Amino acid sequence: VRLVFGRDMKAAPDLVYQALAEDVASMPQWFSAVTRARSTDGGREVRLRGGIRFEETVLAAEKPELYTYRVDVTNIPGARAWVEEWRLTPIGTGTRVRAVFALDGTAAFRLGCRLAAPGAGLAIRQAAGALDRRLS
């Protein structure tokens, strides 16, 4: 399953990248679905509302344009493979954020991903808006 979400922001790419990739502990302050986030050796650990958790490994970190990671461990049933790429493109003095999710798992997991896509997209756009307000 491939899901793509995006939003334009007023904040500059370097500020968006710093919040997304470097200031991990601040995520709960702008991403309402996140209850806890912390950096780990080579990645992050993220917990969401409802008890969902992720242990991630960073695959590419090219400041200020690209942040890609793989979910190594999650408690979401049926997930077998999960990679997210966050691409930050300058637009004037702001940033176009594009998040691409590549997901695989059981048939039920893939169906759940497709059904959850509108809500996930809304959550990401709202988080980007909250981050933009925080950075501006």
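**Aromatic pairs**

I looked for aromatic ring pairs in this predicted model and found 6. I took Trp-30 and Phe-31 to begin with. Their rings form a tilted pair, 5.9 Å centre to centre, with 40° between the planes. I checked burial for both: Trp-30 and Phe-31 are buried.

Next I looked up Trp-82 and Phe-109. The ring centres lie 6.0 Å apart and the planes meet at 50°. Tilted covers what is neither under 30 degrees nor over 60, so I logged this pair as tilted too. I then asked where the two residues sit in the chain. Trp-82 belongs to strand S6 (residues 79–91) and Phe-109 to helix H3 (residues 107–135). The pair therefore links distant parts of the chain, 27 residues apart.

Burial came next. Trp-82 has 11% relative accessibility and Phe-109 has 6%. The cut-off for buried is under 20%, so I count Trp-82 as buried and Phe-109 as buried.

**Tyrosines and a charge**

I noted one aromatic cluster made of Tyr-17, Tyr-67 and Tyr-69. Tyr-69 also has a charge over its ring: the charged end of Arg-44 sits 4.4 Å from the ring centre.

**Whole protein**

I listed 3 helices and 7 strands. Their order along the sequence is β-α-α-β-β-β-β-β-β-α. The radius of gyration is 14 Å, close to the 14 Å from the globule rule for 136 residues, so I call the protein as compact as a globular protein of that length. The C-alpha trace spans about 40 × 30 × 25 Å along its principal axes.

I also looked up burial overall: 38% of the 136 residues count as buried. The exposed area is about 7,200 Å², with 53% supplied by carbon and sulfur atoms.

Terms used:
Residues are numbered from 1 along each chain as its sequence is written. This is a predicted model: local features need pLDDT of at least 70, side-chain atom pairs count only at pLDDT 80 or more; totals for chains, interfaces and linings use all residues. Side-chain values use heavy atoms; hydrogens and water are left out. Rings of Phe, Tyr and Trp (its six-membered ring) pair if their centres lie within 6.5 Å; planes under 30 degrees apart count as stacked, over 60 as edge-to-face and the rest as tilted. Buried means under 20% relative accessible area, exposed over 50%, partly exposed in between (1.4 Å probe, protein chains only). Helices (H or I, at least four residues) and strands (E, at least two) are DSSP runs, numbered from the N terminus. A charge sits over a ring if NZ of Lys or CZ of Arg is within 6 Å of the ring centre and within 35 degrees of the ring normal. The radius of gyration is taken over C-alpha atoms; the globule rule is 2.2 Å times the number of residues to the power 0.38. Accessible areas come from the Shrake-Rupley method with a 1.4 Å probe; for residues, only the protein chains shown count as cover.
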